[in-house]
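Trainee: Before we go through the labels one by one, could you show me the chain, so that I can ask how each label is earned?

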Amino acid sequence: MWSTLVAIRDTLATLPDVKTCKIGIETGLSPDDYPIIRLVPSSLDPGTPWRSMNVLVYYGTPLAEADQGLEALYEALFVWEGRIREALRVGRGYRCKWLETVTDEDRLEHYKLFASRFEVTTCAP
């Protein structure tokens, strides 16, 4: 599953305006890291021959950069959501099924994050 997470990370890192794209959410995030995408595996199903995992894809920007107001910030995050869903629609060696998006993820103070949850299925090694 690690190679699948790496492939997803590499795919999302190529999206326009992404400054950093990593697996996991580190505690030392700074405004210089944003706009971000972070992948967090939330559960694994060890079934064979197919394995699946749920992956949370966090994306966002600092609230301080909402110069044009929160409406513009939300609009930008909805655009990001569409780009992420489209990028993961056709995976190479894996399948991503979008399950939901949480639009008020307040995991990090001073930042506005969305979190989209995907079910990722891949052939078990």
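**Labels and their grounds**

Mentor: Let us begin with Asp17, which counts as exposed because its relative accessibility is 54% and the label asks for over 50%. Keep in mind throughout that this is a predicted model.

Trainee: Where is Asp17 placed, and what is its phi?

Mentor: Asp17 is in the loop between helix H1 (2-13) and strand S1, and its phi is positive, about 75 degrees, although the residue is not a glycine.

Trainee: What makes the peptide bond from Tyr34 to Pro35 cis?

Mentor: The omega of that bond is near 0 degrees, which is the ground for the label. Pro35 itself is found in the loop between strand S1 (20-23) and strand S2 (36-45).

Trainee: Turning to the rings, why is the pair of Tyr59 and Phe114 called edge-to-face?

Mentor: The ring centres of Tyr59 and Phe114 are 5.9 Å apart and the planes stand at 65 degrees; a pair needs centres within 6.5 Å and edge-to-face needs over 60 degrees, so both conditions are met. The pair links distant parts of the chain, with Tyr59 in strand S3 (residues 50-62) and Phe114 in strand S5 (residues 111-123), 55 residues apart.

Trainee: How do you know whether Tyr59 and Phe114 are buried or exposed?

Mentor: Tyr59 has a relative accessibility of 0% and Phe114 has a relative accessible area of 0%; buried means under 20%, so the label holds for Tyr59 and for Phe114.

Trainee: Which label do the rings of Phe78 and Phe114 earn, and why?

Mentor: Their centres are 5.2 Å apart and their planes meet at 75 degrees, so this pair, too, is edge-to-face. Here Phe78 in helix H2 (residues 70-89) is joined to Phe114 in S5, 36 residues apart. Phe78 counts as partly exposed, because its 44% relative accessibility falls between the 20% and 50% limits. Ring pairs link Tyr59, Tyr74, Phe78, Trp80 and Phe114 into a cluster, and the count of aromatic pairs comes to 4.

Trainee: What makes you say that the charged end of Arg85 sits over the ring of Trp98?

Mentor: The charged end of Arg85 is 3.6 Å from the centre of the Trp98 ring, which can be set against a limit of 6 Å; the label also requires a position within 35 degrees of the ring normal.

Trainee: Why is H1 called oblique to H2?

Mentor: H1 and H2 pack at an angle of about 130 degrees, with their axes 10 Å apart. That angle is neither over 145 degrees, as roughly antiparallel would need, nor within the 65 to 115 degrees of roughly perpendicular, so H1 is oblique to H2. The contact is made by Ile8, Thr11 and Leu12 of H1 together with Ile84, Ala87 and Leu88 of H2, and H1 passes H2 in a right-handed crossing.

Trainee: Finally, is Thr61 buried or exposed, and how do you know?

Mentor: Thr61, which lies in strand S3, has a relative accessible area of 11% and is therefore buried, the limit being under 20%. Leaving aside neighbours within four places in sequence, Thr61 is in contact with Tyr34, Leu73, Tyr111 and Lys112.

How values were computed. Residues are numbered from 1 along each chain as its sequence is written. This is a predicted model: local features need pLDDT of at least 70, side-chain atom pairs count only at pLDDT 80 or more; totals for chains, interfaces and linings use all residues. Side-chain values use heavy atoms; hydrogens and water are left out. Rings of Phe, Tyr and Trp (its six-membered ring) pair if their centres lie within 6.5 Å; planes under 30 degrees apart count as stacked, over 60 as edge-to-face and the rest as tilted. Helices (H or I, at least four residues) and strands (E, at least two) are DSSP runs, numbered from the N terminus. Buried means under 20% relative accessible area, exposed over 50%, partly exposed in between (1.4 Å probe, protein chains only). Axes are lines fitted to C-alpha atoms, for helices over the stretch in contact, and angles run from 0 to 180 degrees between N-to-C directions. Angles under 35 degrees count as roughly parallel, over 145 as roughly antiparallel, 65 to 115 as roughly perpendicular and the rest as oblique. A crossing is left-handed if the near helix is turned anticlockwise from the far one by less than a right angle, and right-handed if clockwise. Contact means heavy atoms within 4.5 Å.
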